[in-house]
Amino acid sequence: MPVQTQCILSIKSPLGPPIEILKHVFPALSNKPRVSFVTGLHGDELEGLYICHRLTQYLKELENTNPSAIQGEINIYPAVNSQALESSTRLWPFFSLDINRTFGPGQNPSLAVETSQTLLDDLQSSSDIVIDFHSSNLHLMELPQIRIIKDFEKKLLPLAKKSNVDLIWVHPNADIFESTLGFNLNRAKIPTLVIETGICHRIHQNRGDQIFNGMLNLLHYTGTLNITPPSEIIKEPKQVQPDQVAMVQASHSGLFIKQVEVGQILEKSDRLGKLIDPVTGNVLEEIVTPCSGLLFTLREHPLTHKGSPLARIAKNLSEQ
Ligand SMILES: [Zn+2]
């Protein structure tokens, strides 16, 4: 049976087309783990849309060339917040709501909550593992990474290590996570990886392709796809806890002129860039790294205020 596209939610809207959530279902021949991919909870984050495009193309071709390879059902939810995507905004446009803060118990009823509850129910009924793709905000560029809440570490780490990301960041829980899709699925005992990469409003094909290969590797590992895993060498991600991450912040307001790129391995006191005063032309501050390690976050939006984040570095083991 070939891929089927299902509409899991359709609500009439007074403005143009209805509010809909679609999913592509690639049916399986056996009962290996069912894996679901979700993208576009935030409408201005486009990297995941590209990765899901590649996955959909790949699976459609596999159905033609090697249909018995699909051993576990695969579901792709390609753009779950189409209103926000159409207006290219992070938030649900009518109410300025962050959809990824409307999951789980204790939410006030609203159209957005009805939408997120339907998505959560559908994912719970059709998935053994979920991958939720995100990008960063407008300010910071992120290297492909997975952030894991400590309580869920045991189940998620083995999956995260197969995903071809550069970094795994294990951090304690906080109240703000409890209304996210990832937290609620993990609490419901459906292992869910939240992958963050790049920056919003942009697509970085190389990094998207890196995660696409990671997803094929993961699907092979779980037995969901009976394929030869990708020939690309899968990265051994650097694993950090919060005290192993150094954050660099601006001491002045100004323009940040970067002199490095994410992914670079830095030595202590290497130059990251400079802060300049655009009016006087003076250099306000030379920004250097406080430690050696992997540069995994870097400011892309030059306008900074005092205290603005400029960079994050995963410290080298010797300095921890
Ligand atoms: Zn997001």
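**Overall build and one helix pair**

Of the chain's 320 residues, 42% count as buried. The structure shown here is a predicted model. Its chain carries six helices and 17 strands. The radius of gyration comes out at 21 Å, close to the 20 Å that the globule rule gives for 320 residues, so the chain is as compact as a globular protein of that length. Laid along its principal axes, the C-alpha trace spans about 65 × 50 × 35 Å. Among contacts with a separation of 6 or more, 68% are between residues 24 or more positions apart.

Now to a pair of helices. Helix α1, residues 47–65, packs against helix α6, residues 205–221, with the axes 9 Å apart and at an angle of about 50 degrees. The two helices are therefore oblique to each other, and their crossing is right-handed. On the α1 side, the contact is made by Glu47, Tyr50, Ile51, Arg54 and Leu55, while α6 brings in Gly208, Ile211, Phe212 and Met215. Sorted by character, the residues of this contact come out as six nonpolar, one polar and two charged.

Gly16 offers a look at a loop. This glycine sits between β1 (4–11) and β2 (19–26). Gly16 counts as exposed because it has just 7 C-beta neighbours inside 10 Å, and the cut-off for exposed is 12 or fewer. Some 296 residues along the chain separate Gly16 from Arg312, and the C-alpha atoms of these two residues are 43 Å apart.

Technical notes
Residues are numbered from 1 along each chain as its sequence is written. This is a predicted model: local features need pLDDT of at least 70, side-chain atom pairs count only at pLDDT 80 or more; totals for chains, interfaces and linings use all residues. Helices (H or I, at least four residues) and strands (E, at least two) are DSSP runs, numbered from the N terminus. The radius of gyration is taken over C-alpha atoms; the globule rule is 2.2 Å times the number of residues to the power 0.38. A residue is buried if 20 or more other C-beta atoms lie within 10 Å of its own, exposed if 12 or fewer, and partly exposed in between; C-beta atoms are placed from the backbone. Two residues are in contact if their C-beta atoms, placed from the backbone, lie within 7 Å. Axes are lines fitted to C-alpha atoms, for helices over the stretch in contact, and angles run from 0 to 180 degrees between N-to-C directions. Angles under 35 degrees count as roughly parallel, over 145 as roughly antiparallel, 65 to 115 as roughly perpendicular and the rest as oblique. A crossing is left-handed if the near helix is turned anticlockwise from the far one by less than a right angle, and right-handed if clockwise. Ala, Val, Leu, Ile, Met, Phe, Trp, Tyr, Cys and Pro count as nonpolar, Asp, Glu, Lys and Arg as charged, and the others, Gly among them, as polar.
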